[in-house]
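Work through these exercises with the sequence and the 3D view side by side. Try each task before you read its solution.

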Amino acid sequence: MKYTLTINGHIGTVVVAWNEDHYEAFIIVPYKPSRWINLYTCDKDKATDKALKELKIALLRCGMC
C-alpha cells in the first residue's frame, strides 16, 4: 500500500508493508533520510492509520529544516 500527502508544499510518501508478523512503513520525505519504522500492529487498518500519522509528522518537521 502506498500513500502520498502534501503538507505546506512538501510531498511525502509512505509505503506500508507486511513483514513476517507485523506491518512496517517506509517513509520518504524531503530533506530527511528515508527510513523503515515498525507500526507494532497486525491489523491492516490500524497500520494504515499509524503510517499516515507518521508521514504527517515527518512532513510537518520538513518545515523546521
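**Exercise 1. Find the residue of β3 that stands opposite N19, then describe how β2 and β3 are joined.**

Solution.
- Step 1. In this predicted model, N19 stands opposite H22 in β3.
- Step 2. Look for a second facing pair. A17 stands opposite E24 in β3.
- Step 3. Get the sense of the pairing. β2 and β3 pair in the antiparallel sense, over seven bridges.
- Step 4. Inspect the connection. The two strands β2 and β3 form a hairpin with two residues between them. E20 sits in that turn and has a positive phi of about 60 degrees.

**Exercise 2. Follow β3 to its other neighbour, β4, and describe that pairing.**

Solution.
- Step 1. β3 and β4 run antiparallel and are joined by four bridges.
- Step 2. Name bridge partners in β4. For E24 the partner is N38. For I27 the partner is R35.
- Step 3. Go back to E24. On the β2 side, A17 stands opposite E24; on the β4 side, N38 is the bridge partner of E24.
- Step 4. Check the turn. β3 and β4 form a hairpin with six residues between them. Y31 in this turn has a positive phi of about 70 degrees.
- Step 5. Ask how covered β3 is. Five of the seven residues of β3 are buried, so the strand is mostly covered.

**Exercise 3. Which order do the strands take in the sheet, and where does the helix pack?**

Solution.
- Step 1. The four strands make an open sheet in the order β1-β2-β3-β4, with antiparallel pairing.
- Step 2. Pick out the edges. They are β1 (2-7) and β4, and each pairs on one side only.
- Step 3. Estimate the turn from strand to strand. Ignoring direction, neighbouring strands are turned by 25 degrees against each other on average.
- Step 4. Add the helix. Helix α1 (residues 44-62) packs on the sheet and touches β1, β2, β3 and β4. The direction of α1 makes about 150 degrees with that of β2.

**Exercise 4. How many aromatic pairs does the structure hold, and what is the geometry of each?**

Solution.
- Step 1. The structure holds two aromatic pairs.
- Step 2. Take W18 and Y23. Their ring centres are 4.9 Å apart and the planes stand at 75 degrees. Planes over 60 degrees apart count as edge-to-face, so this pair is edge-to-face.
- Step 3. Compare their cover. W18 is partly exposed, with a relative accessible area of 46%, whereas Y23 is buried at 12%. The cut-off for buried is under 20%.
- Step 4. Take F26 and W36. This pair is tilted, with 5.0 Å centre to centre and 45 degrees between the planes.
- Step 5. Place the second pair on the fold. F26 lies in strand β3 (residues 22-28) and W36 in strand β4 (residues 35-38), so the pair ties together parts that are ten residues apart in sequence.
- Step 6. Check exposure again. F26 is partly exposed, with a relative accessible area of 23%. W36 also counts as partly exposed, at 48%.

**Exercise 5. Describe the surroundings of V15: which residues does V15 touch?**

Solution.
- Step 1. Locate the residue. V15 lies in strand β2 (residues 10-19).
- Step 2. Gauge its exposure. V15 is partly exposed, with a relative accessible area of 26%.
- Step 3. List the contacts, leaving out residues up to four places away in sequence. V15 touches M1, K2, E24, A25, F26 and W36.
- Step 4. Link back to Exercise 4. F26 and W36, both touched by V15, are the partners of the tilted pair.
- Step 5. Take one C-alpha distance. V15 and I28 are 13 residues apart along the chain, and their C-alpha atoms are separated by 8.6 Å.

**Exercise 6. Step back and characterise the whole protein: how compact is it?**

Solution.
- Step 1. Count the elements. There are one helix and four strands, running β-β-β-β-α from the N terminus on.
- Step 2. Apply the globule rule. The radius of gyration is 11 Å, close to the 11 Å that the rule gives for 65 residues, so the protein is as compact as a globular protein of that length.
- Step 3. Box it. Along the principal axes, the C-alpha atoms fill roughly 35 × 20 × 15 Å.
- Step 4. Look at burial. Of the 65 residues, 34% count as buried.
- Step 5. Look at the surface. The protein exposes about 4300 Å², and carbon and sulfur atoms supply 54% of it.
- Step 6. Judge contact range. Among contacts with a separation of 6 or more, 37% come from residues 24 or more positions apart.

Note on methods
Residues numbered from 1 in each chain as written. Predicted model: local features only at pLDDT ≥ 70, side-chain atom pairs only at ≥ 80, totals over all residues. Heavy atoms only, no water. Phe/Tyr/Trp six-rings, centres within 6.5 Å; stacked < 30°, edge-to-face > 60°. Buried < 20%, exposed > 50% of the residue type's maximum accessible area, 1.4 Å probe, protein only. Contact = heavy atoms within 4.5 Å. Pairing = 2+ DSSP bridges. Axes fitted to C-alpha atoms, helices over the stretch in contact; angles between N-to-C directions. Rg over C-alpha atoms; globule rule 2.2 N^0.38 Å. Areas by Shrake-Rupley, 256 points an atom, 1.4 Å probe, with all protein chains shown as cover.
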